[in-house]
Amino acid sequence: MNNQLIALILAMRLPFLLLTCSVILLSIAAALATGVDIKLIDAVLVMSGALAAHISVNLLNEYQDFQRGLDALTSKTPFSGGSGALIARPSAAKFIAKMTVLFLGITIAIGLYFTLSVGFPLLAIGIVGVATVSYTHLRAHETDSYL
């Protein structure tokens, strides 16, 4: 397996994606229990969109922390210090940045599908989600001066 693919898999932080799966499956179960009719394709798209969003955020965090040098300064624990994927494979950084955009694009595409299917008020939730990630990214750069 090449270095970029290994870095991608590690940077995705796969064990943490179980939380996303759990929340989505619980939400689907709750909706079904209350009598909501859910199409299988919609359930698959919701799960895919949620996972793509979580992966995009994980990759963005990994890339930013590597670029800012935080991964090299942070004592690694199971919950902090990043995956170490880019410390071990710095040549994969551009690939991780591209994959961040790809997974965000998948998230946005699925969100637009549901916006067109359900209605435009849903678009507000998507805009808030993307803006939150963008704002966090901008705030992270403001704190660089404190390092």
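User: How are α3 and α6 oriented to each other, roughly parallel or roughly antiparallel?
Analyst: Happy to help, and keep in mind that this is a predicted model. Two packed helices are described by the angle between their axes and the distance between those axes. Here the axes of α3 and α6 come within 8 Å and cross at roughly 150°. An angle over 145 degrees counts as roughly antiparallel, so α3 and α6 are roughly antiparallel.

User: What is the handedness of that crossing, and how many charged residues are in the contact of α3 with α6?
Analyst: The crossing of α3 and α6 is left-handed. Sorting the residues of their contact gives 19 nonpolar and six polar ones, and the charged count is one.

User: At what angle do α2 and α3 cross, and what does that make them?
Analyst: Helix α2 covers residues 14-33, and its axis comes within 10 Å of the axis of α3. The two axes cross at roughly 150°. That angle is over 145 degrees, so α2 and α3 are roughly antiparallel.

User: Which residues of α3 make the contact with α2?
Analyst: The crossing of α2 and α3 is right-handed. From α2, the contact uses Phe-16, Leu-17, Thr-20, Cys-21, Ile-24, Leu-25 and Ile-28. The contact residues divide into 12 nonpolar, three polar and no charged. On the α3 side they are Ala-43, Val-46, Met-47, Ala-50, Leu-51, His-54, Ile-55 and Asn-58.

User: What word describes how α1 lies relative to α6?
Analyst: Helix α1 spans residues 3-11 and helix α6 spans residues 93-118. Their axes come within 9 Å and cross at roughly 55°. That angle falls outside the parallel, antiparallel and perpendicular ranges, so α1 is oblique to α6.

User: Which residues of α6 are in contact with α1?
Analyst: The α1 and α6 crossing is right-handed. On the α1 side, the contact is made by Gln-4, Leu-5, Ala-7, Leu-8 and Ala-11. The contact residues divide into seven nonpolar, one polar and no charged. On the α6 side, they are Phe-95, Ile-96 and Met-99.

User: Which helix supplies the largest share of the lining of the largest pocket?
Analyst: Now to the empty space: the largest pocket has a volume of about 750 Å³. Helices α3 (40-68), α6 and α7 (121-142) each give at least two residues to its lining. The largest share, 11 residues, comes from α6.

User: How many residues of the lining of the largest pocket are nonpolar, and which lining residues are closest to its centre?
Analyst: The lining of the largest pocket holds 28 residues. These divide into 18 nonpolar, 10 polar and no charged. The closest to the pocket's centre are Ala-53, Thr-107, Gly-111, Gly-126 and Val-130.

Methods
Residues are numbered from 1 along each chain as its sequence is written. This is a predicted model: local features need pLDDT of at least 70, side-chain atom pairs count only at pLDDT 80 or more; totals for chains, interfaces and linings use all residues. Side-chain values use heavy atoms; hydrogens and water are left out. Axes are lines fitted to C-alpha atoms, for helices over the stretch in contact, and angles run from 0 to 180 degrees between N-to-C directions. Helices (H or I, at least four residues) and strands (E, at least two) are DSSP runs, numbered from the N terminus. Angles under 35 degrees count as roughly parallel, over 145 as roughly antiparallel, 65 to 115 as roughly perpendicular and the rest as oblique. A crossing is left-handed if the near helix is turned anticlockwise from the far one by less than a right angle, and right-handed if clockwise. Contact means heavy atoms within 4.5 Å. Ala, Val, Leu, Ile, Met, Phe, Trp, Tyr, Cys and Pro count as nonpolar, Asp, Glu, Lys and Arg as charged, and the others, Gly among them, as polar. On a 1 Å grid over the protein atoms alone, a cavity is a set of points where a 1.4 Å probe fits but cannot get out, and a pocket is an open set with protein on both sides within 12 Å along at least five of seven lines; lining residues have an atom within 4 Å of a point. Grid points are joined across faces, edges and corners, and a volume is the space filled by probe spheres set on the points.
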